[in-house]
Amino acid sequence: MAKVYKKTSGNESIALYLGKRDFVDHVESVDIVDGVIKVDPAELEGRKVWVYLACAFRYGSDDLDVIGLSFRKDIWVKRIQIYPVVGTRPANTPMQEALLKKCGDQGHPFTFTIDTNLPCSVGLQPAPEDAGKSCGVDYEVKAYIAKEADDPDEKISKKDTCRLIIRKIQFAPGKVGAGPKADISKNFMMSDKPVHLEASIEKELYFHGDPIPVNVKINNETTKVVKKIKITVEQTTEVLLYQSDKYSKTVLTEEFAEEIKGESTLEKTFTVIPLLSNNKEKRGLAVDGRLKDEDTNLASTTIIRPGMDKGMQGIMVSYKIKVNLLVSSGGLLGGLTASDVGVEVPLVLMSPKPADVPVE
């Protein structure tokens, strides 16, 4: 292993070991979460050691918990008793064997299987002045010392716990379909002929950071003049848990000074690249889950499989590309109006599958 992730409790009685923090959703299955807990029984005082894996939706900073408000809703939780050992456990994975060598005789392996219908890690970007954690869906592995696994009347001291945030991530599928196309014909007052606009992209899915060629065809049968072409990429975020909330934010806007005079045509490809680095101060923008202060990117498109419960997703993200023509009425006094003619096509943004991730 290139790296071991370790967290020790405040009283040093337990320590949590993981060999990785990114777990891949392969659509049909998800990487198992396999780790080890090191337990020193001397300070347990008759209590037990547990570990849980929780998928939760967080919608407030930790600071607000001080006044007794709960801003965390568990979507899914699983618990395992680590010490004393009960029942039989599955055979150790190669990852656990490597971690046990670091823990010695006090190491106890654990394994969790994440349900395939659970959401991937995603966050809502805080404003620059916001303190505390951002809203979003995250996964937490937590080891703790307690008399019972989940007794609401038992208060567990922070010194008796240790935890690590992990991520459930999804990569783009190996096969990508053909890109969408949209067209419109728009008639204007005092004109018996229309402006035709068609926009398309070559494939349905693009990787974060890759150039996206947008093909635009215009047939201007009117006497008006198309002054500019405006291309916008919008992210739509639907928050499904704490309330019904759906909103869109523009992540890219570019204008191209292309003049298409009356009774003329244009066929051209324009390239756009939506990036998080150009949207760092937009509060509420959905981003892929991050660990500590690591860089991330715009949130990947949420892929809903047949039979999945949308309500379990917490946050759903989608994208669309909008192409608008800025049309003038012609003449020296002709007014310029935006969005006289416009179409939109859906866009899927995801991360490419690394070479070391097996194809499912």
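This passage describes the nonpolar cores, the cysteines and the strand pairing of a predicted model.

The largest nonpolar core holds 72 residues, and among these Ile37, Ile321 and Val323 touch the most other members. The greatest contribution to this core comes from strand S19, which spans residues 315-328 and supplies seven residues. The core also draws on both domains, with at least three residues from domain 1 (5-170) and at least three from domain 2 (181-350). A second core, separate from this one, consists of seven residues, including Ala15, Tyr17, Val36 and Cys103.

The surroundings of Val323 can be given in detail. When neighbours within four places in sequence are left aside, Val323 is in contact with Leu197, Ala199, Val214, Val216, Ile229, Lys230, Ile231, Val341, Gly342 and Val343. One of these contacts, Val216, also takes part in strand pairing, where Val216 stands opposite Lys268 in S17.

The cysteines were examined next. The count of disulfides comes to zero. Cys120 is in no disulfide, since the nearest cysteine sulfur, which belongs to Cys55, lies 9.6 Å away, whereas a disulfide would require the two sulfur atoms to be within 2.5 Å. Cys120 is partly exposed, with a relative accessible area of 22%, while Cys103 has a relative accessible area of 6% and is buried.

In the region of domain 2, which covers residues 181-350, four strands form an open sheet in the order S11-S12-S14-S17, and the pairing is antiparallel. Strand S11 (181-187) and strand S17 (264-272) stand at the edges of this sheet; each has a single partner strand, so one side of each is left without a neighbour in the sheet. From one strand to the next, the twist averages 15°. Within this arrangement, strand S14, made up of residues 212-220, is joined to S17 by nine bridges, and the two strands run antiparallel.

Another open sheet, likewise of four strands, has the order S1-S2-S4-S7 with antiparallel pairing. Its edges are formed by strand S1 (5-8) and strand S7 (107-112), each with a single partner strand, so that one side of each is left without a neighbour in the sheet. Neighbouring strands of this sheet are turned against each other by 20° on average, direction ignored. Strand S4 (residues 33-39) is joined to S7 by six bridges, and these strands run antiparallel, with Asp34 standing opposite Thr111 in S7. Helix H1, formed by residues 94-103, lies across strand S2 (14-18), S4 and S7, and runs at about 15° to S4.

Strand S10, comprising residues 161-170, is mostly covered, as nine of its ten residues are buried. Strand S10 pairs with strand S3 (residues 22-25) through four bridges, and these two strands run parallel; here the bridge partner of Asp25 is Gln170 in S10. Strand S10 also pairs with strand S9 (residues 135-146), in this case in the antiparallel sense and over six bridges, and the bridge partner of Lys142 is Arg163 in S10.

Terms used
Residues are numbered from 1 along each chain as its sequence is written. This is a predicted model: local features need pLDDT of at least 70, side-chain atom pairs count only at pLDDT 80 or more; totals for chains, interfaces and linings use all residues. Side-chain values use heavy atoms; hydrogens and water are left out. A nonpolar core is a set of buried Ala, Val, Leu, Ile, Met, Phe, Trp, Tyr and Cys residues joined through side-chain atoms within 4.5 Å. Buried means under 20% relative accessible area, exposed over 50%, partly exposed in between (1.4 Å probe, protein chains only). Domain bounds come from an automatic or database domain assignment. Contact means heavy atoms within 4.5 Å. Two strands pair if DSSP finds at least two bridges between them. Axes are lines fitted to C-alpha atoms, for helices over the stretch in contact, and angles run from 0 to 180 degrees between N-to-C directions.
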